[in-house]
Amino acid sequence: MDWKKTKTIFILTFLILNIFLGYQLSQKMDKSKLEAVADQPIEKRLADNNIDYKDKLPQSYNDRQTLISGQRAPFSADEIKSKVSRLDSSSTDTTLVFNLKKPQDLDKEDLVKDVTQFLKDEVYRGDEYRFYKKDTKSHKIWFTQIYQGQPLFFDTDNGMNRPSGMVMFEWNNKGQLTRYTQTFISVYRQGTKQEIISPMKALEKIFTTNHLSSGDKINKIVLGYYSLANVEDVQVYAPTWSIETEDAHFLVNAIDSSIQEIDREQ
């Protein structure tokens, strides 16, 4: 028997066994650490990652919500009349596009305030819309329709920029309001009430799915509705938590917790 060769084989075998056992131990330790982190309250995990959110959590909300259905409503002849704007030829019976007869100067320091006032004064059912987003690159401001106090969320980066239930204003390089587009949703059906997840659960969902990074700041958390489907011009909306950071916008379905990311770096 070649003892020298046998000794070498034993040494190699033990070395491989030690490496394997060490790897197994490392895997178990890593798993234990991950489980320990996962067992920590979401508040602590967010704090450990320096994610600022506390003053953005809604203080009160209805925790039982329904699905809603609606259809883009046609405008009547009386509803498209305007003293300050002319109807553009690209308009349809459900999408109005107006060009201002005389561009209106806007306060560069507070565009939203001036446009909001114009909305209330000159736009059909303007008090049923709320400020949604502003994009200074494209010179556009969106207002979204409100249903029972809650906004309808939509993706502003959808090509034509004409989603349902919105008013989109445009201004020129001189800071003058020049044009706006309007659509309106008629809600006619509601489902049965269902319990929804809390805003903290929605925040936990986007955190545990790695949508948030260390140091992220939550700018806004709002409960509203987001369209699940569009069937033969009928849209179905689900109660949804809207969570905005400084450079991203997440929509978390408040019933099944699914996530949709929209308007990246808007």
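**Salt bridges, helix packing and two serines in a predicted model**

K44 is partly exposed, at 40% relative accessibility. The model is predicted. D48 is also partly exposed, with a relative accessible area of 49%. The side chains of K44 and D48 form a salt bridge, at 3.4 Å from N to O. Both residues belong to helix α2 (residues 42-48). They are about one helical turn apart, because 4 residues separate them in that helix. An α-helix has 3.6 residues a turn, so residues three or four places apart point the same way.

The salt bridges number 7. Side chains of opposite charge can pair when their charged atoms come close. A second pair is formed by the side chains of R179 and D88, with an N to O distance of 3.5 Å. This pair links distant parts of the chain. R179 sits in strand β9, D88 in the loop between β3 and β4, and their positions lie 91 residues apart in sequence. R179 is partly exposed, with a relative accessible area of 22%. D88 has 17% relative accessibility and counts as buried, because the cut-off for burial is under 20%.

A further salt bridge lies in helix α4, where E204 and K201 are 3 residues apart, about one turn of the helix. Their side chains meet at 3.6 Å, N to O. E204 is buried, at 18% relative accessibility. K201 is partly exposed, with a relative accessible area of 48%. Salt bridges with shared partners join R45, K201 and E204 into one network.

Helix α4 is mostly covered, with 7 of its 10 residues buried. The buried residues are P199, M200, A202, L203, E204, I206 and F207. Just after α4, N210 adopts a positive phi of about 65°.

Helix α3 (residues 111-122) has 12 residues. From its first C-alpha to its last, α3 reaches 16 Å, close to the 16 Å expected at 1.5 Å a residue. L111, V112, V115, F118 and L119 are the buried residues of α3. They lie on the same side of α3, because they cover an arc of only 125° around the axis. On the other side of α3, K113, K120 and D121 are exposed. The cover over the buried residues of α3 includes several strands. Among them are β3 (85-87), β4 (96-105) and β5 (129-135). Also included are β6 (140-147), β8 (166-171) and β9 (176-182). Strand β9 thus appears twice here, as part of the cover over α3 and as the site of R179.

Two serines in loops were also examined. S214 lies in the loop between α4 (199-208) and β12 (218-231). S214 is exposed, with a relative accessible area of 56%. A polar atom of the S214 side chain lies 3.1 Å from the backbone oxygen of N49. S214 and L46 are 168 residues apart in sequence, but their C-alpha atoms are 8.4 Å apart in space. S257 is placed in the loop between β14 (249-253) and β15 (259-262). At 17% relative accessibility, S257 counts as buried. Neighbours within four places in sequence aside, S257 is in contact with I197, K205 and V252.

Methods:
Residues are numbered from 1 along each chain as its sequence is written. This is a predicted model: local features need pLDDT of at least 70, side-chain atom pairs count only at pLDDT 80 or more; totals for chains, interfaces and linings use all residues. Side-chain values use heavy atoms; hydrogens and water are left out. Buried means under 20% relative accessible area, exposed over 50%, partly exposed in between (1.4 Å probe, protein chains only). A polar contact is a pair of N or O atoms within 3.5 Å; within protein, one must be able to donate a hydrogen and the other to accept it, and residues adjacent in sequence count only if both atoms are side-chain atoms. Contact means heavy atoms within 4.5 Å. The expected span of a helix is 1.5 Å times one less than its number of residues. The arc is that of the directions from the helix axis to the C-beta atoms. A salt bridge is a side-chain nitrogen of Lys or Arg within 4 Å of a carboxyl oxygen of Asp or Glu.
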